[in-house]
Amino acid sequence: MIVTLEAILSLLFPAAVVAGAKHTTDELASLRVPTSKITQRGPLFMQKLAVAWLVAIVLTFVGCGSNGSKGNINGTWTALLLSDTSLSFGTSLVVNNDGTLSASQFSFSTNGPCFVSGETESGSFGFTGDFNGNVTGQFDFKVVSGSPSGNTLTLTGTAKGNTIAGNWSLTGGNPTACQGSGTFTMTKS
């Protein structure tokens with residue numbers, strides 16, 4: 001006994017539905033591709049699809065990086081601030097996962113009345129980069145004096161590789177000479 005699709009459908013559905021199904025199955029049968037063509041194209045297509053997914057995943061990981069790795073800005077930096085008077089300092093910077101900077105071992109290389117002791121440092125770094133590890137981004141850094149109080153040194157610039165350059169300003173005026181502005185360059189050692 002041979003059971004056809006029509007016979008099964010006629011038991012389950014009215015005759016009009018079975019007639020429509022037969023018409024549909026006949027159309028589908030006419031669209032069938034010989035299995036030899038499917039087997040010839042199937043594995044090649046799947047290989048190409050697998051390679052495309054692999055490339056997409058690799059590019060995503062390389063382009064985005066991990067949250068803990070913000071390129072090569074992490075390290076020891078030396079800053080030279082230029083204007084009528086020169087200031088310089090050294091510090092170790094680490095970019096946190098949220099883009100803020102952690103500074104340690106901060107110290108001014110030049111003695112001055114504006115920052116005698118107890119400075120606090122903060123900042124941020126907006127990271128971008130390329131596949132070769134070249135870091136670029138917006139750099140913001142602030143030093144607030146402890147003693148004497150009330151002086152704030154602000155640096156705003158752009159990082160490119162092992163150099164950060166931009167503008168600085170000193171506000172507060174305690175003592176009166178603790179005001180000014182100019183350009184700065186920081187280099188990574």
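Are Phe89 and Phe141 buried or exposed? Both of them are buried. Keep in mind that what you're looking at is a predicted model.

**Aromatic pairs**

Let's stay with the rings for a bit. Searching the whole structure turns up eight aromatic pairs. A pair like this is described by how far apart the ring centres are and by the angle between the planes. Here are two of the pairs, and Phe89 takes part in each.

| Pair | Type | Centre to centre | Angle between planes |
|---|---|---|---|
| Phe89 and Phe108 | edge-to-face | 6.0 Å | 75° |
| Phe89 and Phe141 | stacked | 6.0 Å | 20° |

Phe89 sits in strand β2 (residues 87-95) and Phe108 in strand β3 (residues 101-108), so their pairing ties together parts 19 residues apart in sequence. Phe108 is buried, just like Phe89. The pair of Phe89 with Phe141 links distant parts of the chain, as Phe141 belongs to strand β5 (residues 135-144), 52 residues away.

Zoom out a little and you'll find one aromatic cluster that includes Phe89, Phe108 and Phe141, along with Phe106, Phe115, Phe139 and Phe184.

**The disulfide**

How many disulfides does a search of the whole structure find? Just one: Cys114 and Cys178 form it, with their sulfur atoms 1.9 Å apart. This link also joins distant parts of the chain, 64 residues apart: Cys114 is in the loop between β3 and β4 (120-129), while Cys178 is in the loop between β7 (163-171) and β8 (180-188). The torsion about the S-S bond is about -100°, so this disulfide is left-handed.

Cys114 counts as buried because its relative accessibility is 12%, and Cys178 is buried too, at 0% relative accessible area.

How values were computed. Residues numbered from 1 in each chain as written. Predicted model: local features only at pLDDT ≥ 70, side-chain atom pairs only at ≥ 80, totals over all residues. Heavy atoms only, no water. Phe/Tyr/Trp six-rings, centres within 6.5 Å; stacked < 30°, edge-to-face > 60°. Helix = DSSP H or I, 4+ residues; strand = E, 2+ residues; numbered from the N terminus. Buried < 20%, exposed > 50% of the residue type's maximum accessible area, 1.4 Å probe, protein only. Disulfide = S-S within 2.5 Å.
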